[in-house]
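Subject: Structure handover

Hello,

Here is the structure for your files. My notes on it follow below.

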Amino acid sequence: QVQLVESGGGLVQAGGSLRLSCVASGCTFITYDMGWFRQAPGKEREFVATIKRSGSTYTVDSVKGRFAISRDDAKVYLQMNSLKPEDTAVYYCAAVMKYGLEYVVRSSAYQYWGQGTQVTVSS
């Protein structure tokens, strides 16, 4: 069974940077599209970024130009720059087996999830 484990979260000042990592095991990693989601207190889980097996990426408008998703070997990364207090959330790595051209942005479509890593941005 696929297992995802995130790391790299922490407390940073506004304008700072973090790089989140997600390691996958129990699968052929390249088979899956990967995504990052986040959930702030009292809010629903929301899409942040995804990377297809081809390497094509898509990010939500609120993080465009600041966040970048990448992958290699058995890991997927989320580089977060120019962090804002509104980026504060638990960040989750997710995986979905998909062979279509579309980017997967619905949380319900993802099959496997990590435990989450806390990102807190102070003002």
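A residue is called buried under 20% relative accessible area, exposed over 50%, and partly exposed in between (1.4 Å probe, protein chains only). By that rule, both cysteine 22 and cysteine 93 are buried.

This is a predicted model, in which local features need pLDDT of at least 70 and side-chain atom pairs count only at pLDDT 80 or more, while totals for chains, interfaces and linings use all residues. Residues are numbered from 1 along each chain as its sequence is written, and side-chain values use heavy atoms, with hydrogens and water left out.

Disulfide

The structure holds one disulfide (a pair of cysteine sulfur atoms within 2.5 Å). It is formed by cysteine 22 and cysteine 93, with the sulfur atoms 2.1 Å apart. The link is left-handed, at -80° about the S-S bond. Cysteine 22 lies in strand E3 and cysteine 93 in strand E9 (residues 89-97), so the pair ties together parts that are 71 residues apart in sequence. Strand labels refer to DSSP runs: helices (H or I) have at least four residues and strands (E) at least two, numbered from the N terminus.

Sheet

Four strands make an open sheet in the order E1-E3-E8-E7, with antiparallel pairing. Its edge strands are E1 and E7, each of which pairs on one side only. Two strands count as paired if DSSP finds at least two bridges between them. From one strand to the next the twist averages 15°, where axes are lines fitted to C-alpha atoms (for helices over the stretch in contact) and angles run from 0 to 180 degrees between N-to-C directions.

At one edge, E1 (residues 3-7) is joined to E3 (residues 18-25) by five bridges, and the two run antiparallel. Valine 5 is opposite valine 23 of E3. The side chains of E1 alternate: Leu4 and Glu6 are buried on one face, while Gln3, Val5 and Ser7 point to the other and are not buried.

At the other edge, six bridges join E7 (residues 67-72) to E8 (residues 75-80), again antiparallel. Alanine 68 has glutamine 79 of E8 as its bridge partner. E7 also alternates, with Phe67, Ile69 and Arg71 buried on one face, and Ala68, Ser70 and Asp72 on the other and not buried. E7 and E8 form a hairpin with two residues between them, and aspartate 73 in the turn has a positive phi of about 45°.

Cores

A nonpolar core here is a set of buried Ala, Val, Leu, Ile, Met, Phe, Trp, Tyr and Cys residues joined through side-chain atoms within 4.5 Å. The largest one has 26 residues, and Met34, Trp36, Leu78, Met80 and Tyr91 have the most contacts inside it. At least two residues of this core come from each of E3, E4, E5, E7, E8, E9 and E11 (117-122). Another core, of six residues, lies apart from it and has Phe37, Phe47, Ala94 and Tyr110 among its members.

Contact means heavy atoms within 4.5 Å. Leaving out residues up to four places away in sequence, tyrosine 91 touches residues including Glu6, Leu20, Trp36, Val48, Phe67, Leu78 and Val119. Threonine 59, in strand E6 (residues 57-59), is buried at 10% relative accessibility. With the sequence neighbours up to four places away again not counted, threonine 59 touches Phe47, Val48, Ala49, Lys64 and Phe67.

Salt bridges

The whole structure has five salt bridges, each a side-chain nitrogen of Lys or Arg within 4 Å of a carboxyl oxygen of Asp or Glu.

- Arginine 53 pairs with aspartate 33, the closest N and O atoms being 3.4 Å apart. Arginine 53 lies in the loop between E5 and E6 and aspartate 33 in strand E4, so the pair ties together parts 20 residues apart in sequence. Arginine 53 is partly exposed at 25%, whereas aspartate 33 is buried at 0%.
- Glutamate 46 pairs with arginine 38, with 2.8 Å between the closest N and O atoms. Glutamate 46 is partly exposed at 36% and arginine 38 is buried at 6%.
- Aspartate 87 pairs with arginine 66, at 2.7 Å between the closest N and O atoms. Aspartate 87 is in the loop between E8 and E9 and arginine 66 in the loop between E6 and E7, 21 residues apart. Aspartate 87 is buried at 0%, and arginine 66 is buried at 10%.

Arg38, Glu46, Arg66 and Asp87 are linked in a network of salt bridges.

Regards
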